[in-house]
Every structure is written in structure tokens, then in C-alpha cells.
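Thank you all for coming. I would like to walk through one structure this morning, moving slowly enough that anyone who has not met it before can follow along on the screen.

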Amino acid sequence: MANDLFFFSKETYDEEGGIITIYFDNAATTSLDETILESYDAFVKEYYANAASVHTFGLRSAEFEEKARKQIASLLKWKEEEVIFTSGATESNNLAIKGVAFSYRSRGNHLITTKVEHASCLEAFRQLEQFGFEVTYLDVKSDGTIAYEDLENAIKENTILVSIMAVNNETGAIHDLTKIGKIIKKYPKIFFHSDITQAIGKIPLDLELVDLASMSLHKIHGFKGSGILLKRGFIELMPLLSGGGQEFGYRSGTNNVPFEVSAAKTIRLALLKQKENYQKVQKLRDLLWDGLKKIEGVTLNSTLNGSPYIVNFSVLKKASVVVEALSKKEIYVSTKSACSSKKSSLSYVLKAMGKEDKEAKNAIRVSFSDYSTSQEVELFLKELKEILNDIQ
Ligand SMILES: Cc1ncc(COP(=O)(O)O)c(C=O)c1O
């Protein structure tokens, strides 16, 4: 076990097959798929030319870029010109939300979202309020999802955008995008954006009625700093980055073609195994769920109809101390989401779900990937029980 802060064992198992590390923080990020790394490595060394250069070497890069874009479009059933490469979901969310708001301001200045979105959406909306936009933040029920009639009731004459995430990153709560899409389609002036970062490649997903969708590839074993915004062709966006006009003018800056090629492979692999992985992870979630229910003082905050990849629960002890004790045993989980865990200790997501302060403060998130195993879940439960008993 590690005492040195900078020690990290990359190996999950020792020579006898014993578990060394348990990585249950896959909603924060996943490990990189070895085959994605291998093809990236070969590609990045060979095709380094700028895709915007007009010589044949540059054109070769541009060809690979377009091939990747085409493959992603076909895998996700969107059009090629609707795939915008970005640096991740934070950028995609900002581009979608601010881009629509500023492009369609003459139509109206009212925007609708929920109280439980990822910070990269919520903070974009807060910034827009400073520019005079009016934002409705929908409440959620105790299961972490909105009441769909609340959305309908919040729509006004001047509403131009609704942004609702597919899967919540703290609890795994799932929104039905088709149900939301059907409500929004009754209002042709409103666009529907969804942050699908914790959903893509993990749960069954229907994007037919979605106008804009954001994702990050590192949540499904791809590269950090690599993302996509899907945007229907009829929508205009005010770009956040001005410059050379790459990405149809929506996102200037030299394209990272090796990342784009890797993005196509990441999505292909994730979708290929989505169903199989879902069933596998569902079994792990059920095992964890049953084990957690037997531990005194543990309250489950997720629900069984949420994404099986994320299980959130509260403890009667200080969650940060529990997470630290687990970490000393090389078991890695989160208190809330990685992005907000260093800020306030109170989860705004759990508060919005009506949890008490002490529950919202002492929440732990376990998040699986398809690499997770039942042996890891069993060992996790054993160690957690011991730690909860040991801590005063
Ligand atoms: C739901 C959700 N949206 C957006 C993001 C932001 O992703 P990134 O940090 O890769 O930009 C995350 C990452 O934690 C997320 O879980």
C-alpha cells in the first residue's frame, strides 16, 4: 500500500491475481484504451501536417479528418457537417449554450435548464445572466429528474433554449431525451441541447429529437482534451473562438487530427460494446447495491432506474475521511463529482434532490467502467465496512 503521495501502481492485479488497486472513479475519467493509444501513437508520428495546409501532406491530414468526421456522423446517425470537434464537454457545453443564446437573442432571451447540470453548463448560464439573459433553473424530484410538466410550464414566448443533461454525473439519474424532445418540438423556436457526457456509449441513447449534444471522449476510454459537439445543420452558433475558421467557423484553431481519428475509434468501440457492457455493469451495480444496503448508516442516493455506471450514497461519517482512508488502500472513489469536490463540501445536486445537509455533505460516488469486476466490488464493500467501523 502506498504512503508516498506520488506513488501509483498502474497494475490492478499482483502476480497471484490479488487486487492491488481499485479504480471506481470512472465518471471523473477512465483509463485510456491500449488499442486507441497504439493507433494514436502510430498516427501522430506519421501524419503531423496541418489539415488546413494546401500541400499534399496537409491534404492527407484533412482526408483523415474528414474520414473520422464521417465515421462519427454515421455511428451517431448525424450528418458530417453536424460534427464539431472540441477540447471536451466543457467547451461543447459552453459553445452550445452561449452560441445559441447570442445568435438567437433577437428571438428571445429566456433559457431553461435544471438545478443539477454539470458546472460547465450551470456556470455558462450564470454568465449569461450577467449579460441580461433570464434563466429558469428547473427543480428536480427526489430521484434527481425533473417533472416533465414543469418544463412545459416553464416555457415562455421568448424561450430560445432548453438544456437538460442525459445522465447526471453525481447520481446517474437519467432524463428521457425523447420525452423532453417531444415537448420542445411543439415550440419550433426553441432548441434542445443535452449534455450526454455520462450517457454516450454507456446507456441506450436516442438523439433524434435533440438539436445539440455535448460529449468528452475520456469518459469512454478515449483521450482527455478531446470532445465533440453535435449540432443540427439549421442552427447558427456564435463561435467562442475566432480565428482561422476551422470547424465550419464554429471553432477556430489548428485541428488535432490524431485526436479526431482517435475519437472515431473511441466512439466505435464504445458503441460496439455498449449493450454488453451495460449488462455487465448492471450486475456490478446490483452487487454493490445489495452490499451497501446491508451496511448500517449507509443511505443510497441513486435509484435503480438510473445509469448503473454511477452509484451515489451517503455515510454517517465524514465522507472526505472515508475517501481518504479508501485511497490509502489504493481504492479510488469520489466525494461528489471530481470538478466540484475541491470546492464546497455540500453537493448542490443532492440538495436539489431534497437531501439533508449532512447527507449532501457526506456523499460518496462509486463509478464503474467496463473494466470493473465483481471481485473489486466485493473487496470494496469489505474495506468500506472496516473503514466505517474504524472511523470515530
Ligand atoms: C456530465 C458532464 N458534463 C461535462 C463534463 C466536463 O467534461 P470535461 O471536463 O472533459 O470538459 C463532465 C466531466 O466531469 C461531466 O460529467
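**Strands, cores and ring pairs**

Let me begin with strand 3 (residues 110-114) and strand 5, which pair in the parallel sense over three bridges; strands here are DSSP runs of E with at least two residues, helices are runs of H or I with at least four, both numbered from the N terminus, and two strands pair if DSSP finds at least two bridges between them. Before going further, I should say that this is a predicted model, in which local features need pLDDT of at least 70 and side-chain atom pairs count only at pLDDT 80 or more, while totals for chains, interfaces and linings use all residues. Residues are numbered from 1 along each chain as its sequence is written, and side-chain values use heavy atoms, with hydrogens and water left out.

Staying with strand 5, the bridge partner of Ile112 in that strand is Val162, and Val162 in turn has Phe192 as its bridge partner in strand 6. Strand 5 and strand 6 (residues 191-195) run parallel and are joined by three bridges. Between them the chain passes through helix 6, and this β-α-β crossover is right-handed, meaning that, with the strands pointing away from the viewer, the path from the first strand over the helix to the second runs clockwise. Strand 5 (residues 159-163) is mostly covered, with five of its five residues buried, where buried means under 20% relative accessible area, exposed means over 50%, and partly exposed lies in between, using a 1.4 Å probe and protein chains only.

What does Leu151 touch, leaving aside residues up to four places away in sequence? Its contacts, which are heavy atoms within 4.5 Å, include Ile112 and Val162, the two bridge partners I have just named, and also Leu138, Ile146, Ile164, Ile180, Ile183 and Ile184.

Leu151 also brings us to the nonpolar cores, each being a set of buried Ala, Val, Leu, Ile, Met, Phe, Trp, Tyr and Cys residues joined through side-chain atoms within 4.5 Å. The largest of them has 48 residues, and those with the most contacts inside it are Ile72, Leu151, Ile196, Ile228 and Leu230. Among the elements that each supply at least two residues of this core are helix 2 (56-76), helix 5 (148-154), strand 8 (227-231) and helix 10 (348-352). The core draws at least three residues from each of domain 1 (34-272) and domain 2 (274-390), the bounds of which come from an automatic or database domain assignment. A second, separate core of 32 residues includes Ile310, Phe313, Ile364 and Phe368.

As for the domains themselves, their centres, taken over C-alpha atoms, are separated by 28 Å, and the contact takes 27 residues from domain 1 and 24 residues from domain 2.

Let me turn to the open sheet of three strands, which has the order 9-10-12 and antiparallel pairing. Strand 9 (299-300) and strand 12 (363-367) stand at its edges, each with a single partner strand, so one side of each is left without a neighbour in the sheet. Two bridges join strand 9 to strand 10 (residues 310-314), and the bridge partner of Leu300 in strand 10 is Phe313, a residue we have already met in the second core.

A search of the whole structure finds 13 aromatic pairs; rings of Phe, Tyr and Trp (its six-membered ring) pair if their centres lie within 6.5 Å, with planes under 30 degrees apart counted as stacked, over 60 as edge-to-face and the rest as tilted. The rings of Tyr40 and Phe259 have centres 5.7 Å apart and planes at 50 degrees, so this pair is tilted. It links distant parts of the chain, with Tyr40 in helix 1 (residues 34-46) and Phe259 in helix 7, 219 residues apart. Tyr40 counts as buried at 19% relative accessibility, and Phe259 does so at 15%.

Phe102 and Phe133, by contrast, form an edge-to-face pair, at 5.5 Å centre to centre and 85 degrees between the planes. Phe102 counts as partly exposed at 26% relative accessibility, whereas Phe133 is buried at 4%.

I will close with Glu330, whose phi is near 60 degrees, a positive value in a residue other than glycine. Glu330 lies in the loop between helix 9 (319-328) and strand 11 (331-332), and at 2% relative accessibility it counts as buried.
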